Amino acid sequence: MNDLSAAFAAAAGLLAGGDPAVLGIIGLSLRVSLSAVVIAALVGLPLGALLAVARFPGRGALIVTLNALMGLPPVVCGLLVYLLLSRSGPLGSLGLLFTPGAMIAAQAVLIAPILAALTRQVLESYWEEYAEQLRSFGAGPWRAIPTLLWDGRFALLTVLLAGFGRASAEVGAVMIVGGNIEGFTRVMTTAIALETSKGDLPLALALGMVLMAIVLGVNAAAQTLRGAATRWAG
Amino acid sequence: MRAPDTILPLTTEALGFAHGGQPILHDVSLTIEAGPPSVIIGPNGAGKSVLLRLLHGLLAPSAGRIHWSGIADPRPRQAMVFQRPVLLRRSVLANTTYPLGLAGLARGERDARARAALELVGLAALADRPARTLSVGEQQRLALGRAAALRPEILFLDEPCASLDPAATQAVEAIIAQLSAAGTKIVMTTHDLAQARRLAGEALFLHRGRLLEQSPAAQFFAHPATPEAAAFLAGALVW
């Protein structure tokens with residue numbers, strides 16, 4: 001019990017003191033996960049919107065695949081990206097393996113299906129409501145995509161937050177493709193895993209507290225956005 | 001009188017529509033001329049809404065054809081307001097400018113036209129409100145104003161007052177009358193006979209998917225030519 005409270009006190013000290021190593025780890029975590037969300041959004045949002053409005057053979061299979069990929073285990077995602085980026089892999093010449101770039105790529109691959117699947121769910125219900133009116137205005141499915149993305153802006157921000165939450169909390173993918181190299185590819189989750197196994201509880205706890213604060217912040221933001229969405233959705 | 005490039009009259013020849021093997025409309029031949037509102041009446045399930053959607057081009061007929069006059073593309077000359085208004089998750093003004101943007105109007109003109117249309121439907125003061133927070137009556141007026149901003153030659157209205165209280169109905173009817181007086185051809189469905197009497201220039205009576213009568217409103221309401229129409233008018237009056 002004393003160990004635990006001592007660890008908490010030390011963790012608070014680390015955070016309050018602005019320990020540069022801790023700040024570096026937090027900064028890299030945010031940079032990697034935010035970059036991954038941006039990249040995944042550039043693919044996932046338009047893809048989800050397209051799936052919401054377009055009807056083509058294989059659409060059902062694609063939706064099932066995306067929904068299944070929402071549950072893709074991060075370690076498996078990390079393994080796949082590792083194979084792609086390893087020296088002998090198809091993208092090995094990029095030299096990305098064990099760099100933050102590889103971690104961004106792995107998290108983007110991990111959450112792009114989540115963003116696409118959730119976007120599809122949100123926008124398909126909008127499209128059911130809008131389709132006839134938009135056709136009356138002379139707008140077909142293609143023109144509807146930007147309209148739906150804009151009208152779904154609040155709901156889609158919560159989708160992005162869900163993606164960010166998933167990315168910042170995962171450990172398996174960044175561990176495999178980043179390698180947890182101190183000062184270079186060490187992020188909060190990999191540091192917690194390592195420090196806990198080494199027995200350095202204060203650092204692990206400090207990072208854990210920051211991670212929890214981020215998760216709380218994300219959820220609070222999502223809650224606020226839901227309020228705004230309801231206001232505009234009426 | 002009429003603009004030389006008018007798309008009216010609108011005629012249909014033996015128009016039919018079936019859905020999933022279920023016939024909904026048969027052999028509807030009609031002519032819609034410019035002038036006072038044409039009101040399509042008939043019992044529930046007669047095919048009124050389907051007929052409007054066919055005329056507006058939202059559904060493809062399974063038999064017969066629809067013919068617009070003139071050489072102009074009829075699509076951008078028509079607009080439709082649905083029974084339940086479909087409003088975008090945007091402000092009242094943005095809802096009104098949206099179809100104008102699709103129609104290719106320059107930004108400045110969109111705004112001016114939209115504001116004029118909102119003035120017409122009495123929503124100018126609410127221009128910046130989220131559209132979906134309006135009351136049901138205001139939403140229907142916004143849908144009307146949004147359609148009117150397109151300055152259509154013909155405006156289809158599907159039961160525009162179906163879910164409105166008497167005051168809101170009165171407001172919507174006043175807008176319809178004003179649009180009609182300004183030269184917009186109104187083609188609307190209603191199951192409200194009193195409303196049909198107030199608005200109709202001519203009446204089209206649909207019964208079980210067939211057009212049984214098309215005649216000037218005064219004549220139709222005084223002397224319906226078919227027993228079905230007489231029964232419908234009598235039943236509705238008793239009720």
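**Close-up views of a predicted two-chain model**

**Figure 1. Chain A as a whole.** Residues 24 or more positions apart supply 78% of those contacts in chain A that have a separation of 6 or more. Please keep in mind throughout that this is a predicted model. Chain A is built with 10 helices and zero strands, so a walk from its N terminus reads α-α-α-α-α-α-α-α-α-α. The C-alpha trace of chain A spans about 70 × 50 × 25 Å along its principal axes. Of the 234 residues in chain A, 40% are buried.

**Figure 2. The largest nonpolar core, with helix H5 of chain A.** Here we look into a core of 68 residues, the largest nonpolar one. The members that touch the most other members are Ala106(A), Ile111(A), Leu115(A) and Val177(A). Helix H5 of chain A, residues 100-136, gives the most to this core, contributing 21 residues. As general background, nonpolar side chains tend to be buried together in soluble globular proteins.

**Figure 3. The surroundings of Ile111(A).** This view stays with one of the core residues just met, Ile111(A). Setting aside neighbours within four places in sequence, Ile111(A) is in contact with Ala36(A), Val37(A) and Ala40(A), and also with Gly163(A), Arg166(A) and Ala167(A).

**Figure 4. Another core, with residues of chain B.** Apart from the largest nonpolar core lies another one, made of 66 residues. Among its members you will find Ile24(B), Leu54(B), Trp68(B) and Ala147(B).

**Figure 5. Where chain B touches chain A.** At this meeting place, 16 residues of chain B are in contact with 14 residues of chain A. On the chain B side, two elements give two or more residues each: strand E5 (78-81) and helix H2 (92-102). The residues on that side of chain B comprise 10 nonpolar, two polar and four charged.

**Figure 6. Helices H3 and H4 of chain B crossing.** The axes of H3(B), residues 107-120, and H4(B), residues 136-149, come within 8 Å and cross at roughly 135°. The two helices, H3(B) and H4(B), are therefore oblique to each other, and their crossing is right-handed. From H3(B), the residues Arg113(B), Ala114(B), Ala117(B), Leu118(B) and Leu120(B) take part. They meet Gly145(B), Arg146(B), Ala148(B) and Ala149(B) in H4(B). Sorted by character, the residues of this contact of H3(B) with H4(B) are six nonpolar, one polar and two charged.

Note on methods: Residues numbered from 1 in each chain as written. Chains lettered and ligands numbered in written order. Predicted model: local features only at pLDDT ≥ 70, side-chain atom pairs only at ≥ 80, totals over all residues. Helix = DSSP H or I, 4+ residues; strand = E, 2+ residues; numbered from the N terminus. Buried ≥ 20, exposed ≤ 12 C-beta atoms within 10 Å, placed from the backbone. Contact = placed C-beta atoms within 7 Å. Nonpolar A, V, L, I, M, F, W, Y, C, P; charged D, E, K, R; others polar. Core = buried A, V, L, I, M, F, W, Y, C linked by C-beta atoms within 7 Å. Axes fitted to C-alpha atoms, helices over the stretch in contact; angles between N-to-C directions. Parallel < 35°, antiparallel > 145°, perpendicular 65-115°, else oblique. Left-handed = near helix turned anticlockwise from the far one by under 90°.
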